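Hi everyone, thanks for coming. I'd like to walk you through a protein model this morning, so let me put it up on the screen.

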Amino acid sequence: MRETDFEQRYRDDIDPWGYRDSWYEQRKYRITLACLPRERYRLAWEPACSIGVLSRMLATRADQVHASDLSPTAVAGARSGDVPENVAWSVHQLPAQPDLPGSPDLVVLSEILYYLDDSDRENTLRLAWDMLEPGGDLIVVHWRSSSHDTHLSGDDTHVQLRARPGWRHLITHHDEEFVLDVFRKP
């Protein structure tokens with residue numbers, strides 16, 4: 001999928017996947033937060049944050065959240081309304097390195113990896129892993145299936161993730177809608 005596709009989706013509808021109201025999204029967010037191994041994080045990075053619904057929830061569990069998306073319209077939507085003071089937003093395209101104030105101890109990759117081609121997916125995972133501080137957590141969650149604009153299904157994405165060497169696998173949540181994995185950097 002090309003950058004303009006996401007930007008156009010947000011221009012047509014600022015909440016194109018129903019992040020604010022759908023039962024799927026609300027349930028996924030709550031299970032994502034419940035699967036975070038630590039009560040509190042120092043710095044969380046959430047690339048592909050969309051309109052920032054999960055970012056706002058992460059702000060209750062982290063001292064600082066840096067949330068980014070490639071769509072300027074989505075980031076503008078994220079910045080609107082009540083915004084927690086500990087969230088910073090930016091326009092950023094994976095797999096480029098973001099400008100963060102330090103190494104995050106939490107990276108959240110929610111519903112993004114299957115949109116990336118093999119090269120960008122690999123480079124994004126390498127970036128997230130390299131940026132994560134030792135002992136930090138990486139949480140990855142995807143809808144299990146695939147669509148016309150994804151390169152992989154969510155299930156296939158997570159099969160690849162679990163096969164990566166050197167990652168300490170802590171949690172898998174696998175239900176009829178989505179799959180979630182948590183890894184800790186040694």
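Let's begin with strand β5, which is mostly covered: 6 of its 7 residues are buried. Please keep in mind that we are looking at a predicted model. β5 covers residues 137-143, and it pairs with β7, residues 178-184, in the antiparallel sense over 7 bridges. If you want a spot to click on, Ile 139 stands opposite Val 182 in β7. With β4, on the other hand, β5 runs parallel, and 5 bridges join the two. There, Ser 110 stands opposite Val 141 in β5. As a reminder, strands of a sheet pair through backbone hydrogen bonds, and that can be parallel or antiparallel.

Now zoom out a little. What is the order of the strands in the open sheet? Reading across, it goes β3-β2-β1-β4-β5-β7-β6, so that is 7 strands with mixed pairing. The edges are β3 (87-91) and β6 (168-174); each has a single partner strand, so one side of each is left without a neighbour in the sheet. On average, neighbouring strands here are turned by 15 degrees against each other, direction ignored.

Next, the helices on this sheet. Helix α4, residues 72-79, lies across β2 (62-69) and β3, and runs at about 160 degrees to β3. Helix α5, residues 118-131, packs on the sheet too, touching β1 (41-47), β4 (106-110), β5 and β7. The direction of α5 makes about 160 degrees with that of β4. We can do a quick sanity check on α5: at 1.5 Å a residue, its 14 residues should span 20 Å, and the end C-alpha atoms are 20 Å apart, which agrees.

Which residues of α5 are buried? They are Arg 121, Thr 124, Leu 125, Leu 127, Ala 128, Trp 129 and Met 131. These buried residues pack against β1, β4, β5, β7 and also helix α6 (154-162).

That brings us to the core. In soluble globular proteins, nonpolar side chains tend to be buried together. In this model, the largest nonpolar core has 56 residues. Among those with the most contacts inside that core are Leu 106, Leu 109, Leu 138 and Ile 139. Take Leu 138: leaving out residues up to four places away in sequence, Leu 138 touches Val 107, Leu 109, Ala 128, Trp 129, Leu 132, Trp 167, Asp 181, Val 182 and Phe 183.

Let's move over to helix α2, residues 23-35, and look at Glu 25. Is Glu 25 buried or exposed? Glu 25 has a relative accessible area of 4%, and since buried means under 20%, it counts as buried. The Glu 25 side chain makes a polar contact with the side chain of Lys 28, at 2.8 Å. Farther along the chain than four places, Glu 25 touches Trp 17, Gly 18 and Tyr 19.

Arg 27 sits in α2 as well, but at 24% relative accessibility it counts as partly exposed. Leaving aside neighbours within four places in sequence, Arg 27 is in contact with His 173, Asp 175, Glu 177 and Phe 178. With Asp 175 there is a polar contact between the two side chains, at 2.5 Å.

Now for some backbone details. Most residues other than glycine have a negative phi, and most peptide bonds are trans. Against that background, the peptide bond from Leu 94 to Pro 95 is cis, with omega near 10 degrees. Pro 95 is in the loop between β3 and β4. Ser 50 has a positive phi of about 60 degrees although it is not a glycine. You'll find Ser 50 in the loop between β1 and α3 (53-58), and it is buried, with a relative accessible area of 4%. Glu 111 also has a positive phi, near 55 degrees. Glu 111 lies in the loop between β4 and α5 and counts as buried at 16% relative accessibility.

One last stop: Thr 73, in helix α4. Thr 73 counts as partly exposed, at 21% relative accessibility. Apart from residues up to four places away in sequence, Thr 73 touches Glu 7, Tyr 10, Arg 11 and Ile 14. How far apart are Thr 73 and Glu 111 in space? C-alpha to C-alpha, they are 18 Å apart, with their positions 38 residues apart in sequence.

That's my tour, and I'm happy to rotate the model to any of these spots. Thanks!

How values were computed: Residues numbered from 1 in each chain as written. Predicted model: local features only at pLDDT ≥ 70, side-chain atom pairs only at ≥ 80, totals over all residues. Heavy atoms only, no water. Pairing = 2+ DSSP bridges. Helix = DSSP H or I, 4+ residues; strand = E, 2+ residues; numbered from the N terminus. Axes fitted to C-alpha atoms, helices over the stretch in contact; angles between N-to-C directions. Contact = heavy atoms within 4.5 Å. Expected span 1.5 Å × (residues − 1). Buried < 20%, exposed > 50% of the residue type's maximum accessible area, 1.4 Å probe, protein only. Core = buried A, V, L, I, M, F, W, Y, C linked by side-chain atoms within 4.5 Å. Polar contact = N/O pair within 3.5 Å; in protein donor to acceptor, adjacent residues only side chain to side chain.
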